[in-house]
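Visitor: I have a few quick questions about this model. Can we go through them one by one?
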Amino acid sequence: MLEKRIIVCLDVRDGRTTKGIRFKGNVDIGDPVAMARTYYEGGVDELVFYDITASSERRSVMLDVVEEVARQIFVPFSVGGGIATLEQMRNVLLAGAEKVSVNSQAVRNPQIIDQGAAAFGNQCVVLGMDVQADDAMPSGYRVVIDGGRTPTERDALQWAHEATARGAGEIVLNSIDADGTTNGYDCRVTGIISRAVSVPVVASGGAGTPQHVAEVLSEGYADAALVASMVHYGTYSVADIKRHLQCVGIPVRLDGIP
Amino acid sequence: MRVGVVDYDAGNLRSVETALLALGAQIVISHLPDQLLKSDRLIFPGVGDAAAAMRVLKSRGLDRAIAQYVRSGRPVLGICLGSQIVLDSSEENDAVCLGLIAGSARRFAAADGLKIPHMGWNQVEPTASHYLFNGIPTGASFYFVHSYFPQPGDSAAVIAETDYGVRFASAVCRDNLSAVQFHPEKSGPYGLQLLRNFLEHAP
């Protein structure tokens, strides 16, 4: 039986891991490679690195991080953040990532999804979507880009359909309202999107307890859950989350977990 | 120990390379039959389209080289797409494949609640004793990303099964040729153990 994945997200700025609340006030919390190694040894199923480096000249720092992670961590990982061209996608994949995540640039130029899927396969192209509750939109959720700063005219559900039709092989769905609050995922929007598309949906934003993770994997129909704050600050370990999921009957990979 | 890795433009070979390097193997990634035929072990990894992969293999003479290598008796391991193109054919664009193991690759049927591709960690249950699974518990999880799966004509070719709506062959073998549908190079410590078993097996 396919297991639900627990994915740890690391926001990387200039080669260091940071964490903010609702995309703001980021603080330094460590070396991404060392953190990735610790999570790998602790039984994480997958890792996501978001490059939030401000200046484009520092992009090579991120590729160094990706190469180092690839040498030490033998679970899948994806990289996102500011990726706008096929060349940037190729660089990230050649540095050792399994998948690349496109977000704002895919909204501006949706063809990057078609091009990436054609060049590297659908399984390599992840659509990152930041959404905000908005009653003016048909699905009740609006797509917001540029790290939560720029609202678009796109409806979340319509964009999920379009992006998967273009070849996105997975969706990481982040609720801006919930991000970093540790008050729980937005199970409603996760369910709306996950039940409508044929590709896996990763829930993101708001995890504070193992119960929140269980909720989004069951009531939110998510295929995987992304966690950050709750594990970065040592409140819970990946093992704590997985043991809870096992307790409530959600299938997870327990290999290597005490 | 020199491991030849077949380069046929099928996806990213980097993760296979780094996993083998971490296990201390010497790697030769090549699209040249002569280079590959000289190696002590042969791996053909890959993601992507079966028909496209076969076209590239044929254009480089790699289809004959792989068959020749298999006949030599040295251990061969296929990964992911590599577990499908060892069969006679694939439903993916009606590809005619290498024909090293009787059977065909089938597509998962879209069923209620089942997303395709089958992506993520799933349990692998060996159905026969095989050196690849030495030291790996029954039901250990491995990482999968695929829409097609191998269906050998002879059930004796199946060495492990996995359940995704349907029970399918997640590992197959014939003599010195074995192939896994999952990605051992991305399957944590047990994945590395499987690759180590492949490297250390003395035929």
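Visitor: Which residues does Val213(A) touch, not counting residues up to four places away in sequence?
Guide: First, a caution: this is a predicted model. Val213(A) touches Ile6(A), Tyr185(A), Ala225(A) and Val227(A). It also touches Met230(A), Ile241(A) and Leu245(A). Neighbours up to four places away in sequence are left out of that list.

Visitor: And which residues touch the most other members of the largest nonpolar core?
Guide: Val213(A) is one of them. The others are Leu47(A), Phe49(A), Ile113(A), Met129(A), Ile171(A) and Val227(A). That core has 113 residues. There is also a second, separate core of 34 residues. Phe44(B), Ala53(B), Ile66(B) and Leu177(B) are among its members.

Visitor: Why would such side chains sit together?
Guide: In soluble globular proteins, nonpolar side chains tend to be buried together.

Visitor: New topic. Where does Asp45(A) lie?
Guide: Asp45(A) is in a loop of chain A, between α1 (32-41) and β4 (46-51).

Visitor: Buried or exposed?
Guide: Asp45(A) is buried, because its relative accessible area is 1% and the cut-off is under 20%.

Visitor: What polar partner does its side chain have among other side chains?
Guide: The side chain of Lys242(A) makes a polar contact of 2.7 Å with that of Asp45(A). A backbone atom comes in as well: the nitrogen of Ile6(A) is 2.9 Å from a polar atom of the Asp45(A) side chain.

Visitor: What else does Asp45(A) touch, not counting residues up to four places away in sequence?
Guide: Besides Ile6(A) and Lys242(A), Asp45(A) touches Lys4(A), Arg5(A), Val75(A), Pro76(A) and Arg253(A). Trp121(B), from chain B, is on the list too.

Visitor: On to the interface, then. How much area do chain A and chain B bury between them?
Guide: About 2,400 Å², with 53% of it on carbon and sulfur atoms. Chain A gives 34 residues to the contact and chain B gives 28.

Visitor: How many salt bridges are there across it?
Guide: The rule finds 2 between chain A and chain B. One salt bridge pairs Glu98(A) with Lys186(B), whose closest N and O atoms are 3.4 Å apart.

Visitor: And how many residue pairs are in polar contact?
Guide: The count is 17 between the two chains, with both residues at pLDDT 80 or more.

Visitor: Which elements give two or more residues to the chain A side?
Guide: α2 (59-72) and α3 (86-94) of chain A. The largest share, 3 residues, comes from α2(A).

Visitor: What is that side made of, by class?
Guide: The side of chain A that touches chain B has 17 nonpolar, 5 polar and 12 charged residues.

Terms used
Residues numbered from 1 in each chain as written. Chains lettered and ligands numbered in written order. Predicted model: local features only at pLDDT ≥ 70, side-chain atom pairs only at ≥ 80, totals over all residues. Heavy atoms only, no water. Helix = DSSP H or I, 4+ residues; strand = E, 2+ residues; numbered from the N terminus. Buried < 20%, exposed > 50% of the residue type's maximum accessible area, 1.4 Å probe, protein only. Polar contact = N/O pair within 3.5 Å; in protein donor to acceptor, adjacent residues only side chain to side chain. Contact = heavy atoms within 4.5 Å. Core = buried A, V, L, I, M, F, W, Y, C linked by side-chain atoms within 4.5 Å. Buried area = accessible area lost by both parts, 1.4 Å probe. Salt bridge = Lys/Arg side-chain N within 4 Å of Asp/Glu carboxyl O. Nonpolar A, V, L, I, M, F, W, Y, C, P; charged D, E, K, R; others polar.
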